[in-house]
Amino acid sequence: MKLHEAEAKDLLRSAGLPVPDWSVASTPAEVRDAAARYLAAGAERVVIKAQVLVGGRGKAGGVKLAGTEDEAEQVGEAILAMTIKGLPVRRVLIAPAADIAAEYYLGAVLDRSSRRVLLMGSGEGGVEIEEVARERPGAIVRVHAHPHLGLLDYQARQLVLRMGVGREHLRTAASIAVGVYRALVSNDADLVEVNPLALVRTAGDGSGALSLQCLDAKVTIDDSALFRHPDLEALRDPDEEDPADREAREQGISFIRLDGSIGCMVNGAGLAMTTMDLVKRAGGEPANFLDIGGGARADKVSAAMRLILADPKVRAILVNIFGGITRGDEVARGLVEARSEQTRDVPMVVRIVGTNAEEAGDILRAAAFETATSLDEAAQKAVAAASRGGAAG
Ligand code: GDP
Ligand code: MN
């Protein structure tokens, strides 16, 4: 689950990281009020930023500076009317504008292949890290945190030194890196990114003093750990979640959309993966991974069917149920019901074995479903049905 910048900054602040003050507004008048406060408190300008769950807001015109209340209100109105990469802007963040001397990238991710937390840094901050990785991979510094001891002090110092942080800011930068690491671990995040981590000229005092500040924050919480963080779960923005992902989550169905044309409905994650493999072996491509879970009842089956059919790429559906706790007849009834609600005619091949398979067979035959006994046969029939459907247009 992605957090908006404002909520991500809350987490960073709680972890003790330097984040300049900010406010959130959803109307131009609120933007004006917030700007007025910062300008009255001595800020020369304010920055106004779209709160949408995508990167590259700056490039898309969603990050703007304003020097007066009037200007802030106008900019706020313009940004609040924007849609960035398909997402409508409903809120903006307002903060005193930083006078930036240098921009760094600092991030922590869960690196599954090494089973450790990976810290990444770069002296080329401000731009998206994917872009740096593509064009100048050497500009990214990587350090794996120790699995038990965490990010050790010397590791943090080495990281920021190699990022090009000057000696005078080394200690602060290293403690920020440790803070980023801790924010990731304590919140069960799989990504914490500060971009830019900026060297900022301290406002207006002419002393030329510089300090490091987290000007942007991106945090993604591991969905599987959200139950441990009800306060974070409450921050979920349903507007920005894919409708299919939301329905799947609410129904307790594991669903991942893929690129192929064979919709798969299976119980059990292992069986779902096997089914996908056999679809490929039969010459097809799965349209999704879908695990309806154990003990699924008829209503869950129809919800799964809706999820599969909502994907226009789907040209055939393969249902593969191994009845254990899940009863075959219950699934069969769910399929009959789902087909009666079906808005487009997609061929379906059903294989149900195990608990109450015979009753399931009776129900399916009475309803004229195409059935299969072995999984290979089911996969072949589904792939054949999909290509027939394809030929028919
Ligand atoms: P992103 O494009 O979605 O990553 O949004 P950011 O918050 O990172 O902003 C993009 C860029 O806008 C930053 O890299 C900065 O160059 C610039 N920017 C952001 N905040 C400020 C600020 O307070 N002052 C100034 N001068 N520039 C800023
Ligand atoms: Mn950024």
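**Exercise 1. State the volume of the largest cavity and characterise its lining.**

Solution. The largest cavity encloses about 40 Å³, where a cavity is a set of points, on a 1 Å grid over the protein atoms alone, at which a 1.4 Å probe fits but cannot get out. A volume here is the space filled by probe spheres set on the grid points, which are joined across faces, edges and corners. The model is predicted, so local features need pLDDT of at least 70 and side-chain atom pairs count only at pLDDT 80 or more, while totals for chains, interfaces and linings use all residues. Residues are numbered from 1 along each chain as its sequence is written, chains are lettered from A and ligands numbered from 1 in the order in which they are written, and side-chain values use heavy atoms, with hydrogens and water left out.

The next step is the lining, whose residues have an atom within 4 Å of a point: K2, L3, H4, E7, L53, L235 and D237. By class they divide into three nonpolar, one polar and three charged, with Ala, Val, Leu, Ile, Met, Phe, Trp, Tyr, Cys and Pro counted as nonpolar, Asp, Glu, Lys and Arg as charged, and the others, Gly among them, as polar. A search of the whole structure finds one cavity of 30 Å³ or more.

**Exercise 2. Describe how the manganese ion is held and where its donors lie in the chain.**

Solution. The manganese ion (ligand 2) is coordinated by N195 through O and by D216 through OD, at 2.1 to 2.2 Å. Donors are N, O and S atoms within 2.8 Å of the metal (3.2 Å for Na, K and Ca), and because water is not among the atoms, sites may look incomplete.

The pair links distant parts of the chain, since N195 belongs to strand 11 (residues 189-201) and D216 to the loop between strand 12 (210-214) and strand 13 (217-221), 21 residues apart. Helices (H or I, at least four residues) and strands (E, at least two) are DSSP runs numbered from the N terminus. Both N195 and D216 are buried, the term meaning under 20% relative accessible area, whereas exposed means over 50% and partly exposed in between (1.4 Å probe, protein chains only).

The last step concerns the backbone at N195, which a cis peptide bond with omega of about 10° joins to P196; P196 too is placed in strand 11.

**Exercise 3. Locate the two largest pockets relative to the domains.**

Solution. A pocket is an open set of grid points with protein on both sides within 12 Å along at least five of seven lines. The largest pocket has a volume of about 930 Å³, and of its 43 lining residues the closest to its centre are R57, V63, N195, P196 and D216. Strand 11 contributes the most to this lining, with five residues. Because domain 1 (1-20 + 99-241) and domain 2 (21-97) both give residues to the lining, the largest pocket lies between them; the domain bounds come from an automatic or database domain assignment.

The second largest pocket holds about 720 Å³ of space. Its lining comprises 19 residues, with M1, D223, R236, E241 and D245 nearest the centre, and the elements giving two or more residues to it are helix 8 (243-251) and strand 14 (254-257). At least three residues come from each of domain 1 and domain 3 (242-392).

For composition, the lining of the largest pocket has 20 nonpolar, eight polar and 15 charged residues, while that of the second largest pocket has seven nonpolar, three polar and nine charged.

**Exercise 4. Determine how helix 1 is set in the structure, and what follows the helix.**

Solution. In helix 1, the buried residues are E5, A6, E7, A8, K9, L11 and L12. Since seven of the ten residues of helix 1 (residues 5-14) are buried, the helix is largely enclosed by the rest of the structure. After helix 1 comes G16, with a positive phi near 85°.

**Exercise 5. Compare the settings of K85 and N356, two non-glycine residues with positive phi.**

Solution. Most residues other than glycine have a negative phi. K85, with phi of about 45°, lies in the loop between strand 5 (83-84) and strand 6 (87-88), and K85 is exposed, at 55% relative accessible area. N356, with phi of about 60°, sits in the loop between strand 18 (348-354) and helix 12 (357-366), and N356 counts as partly exposed, at 24%.
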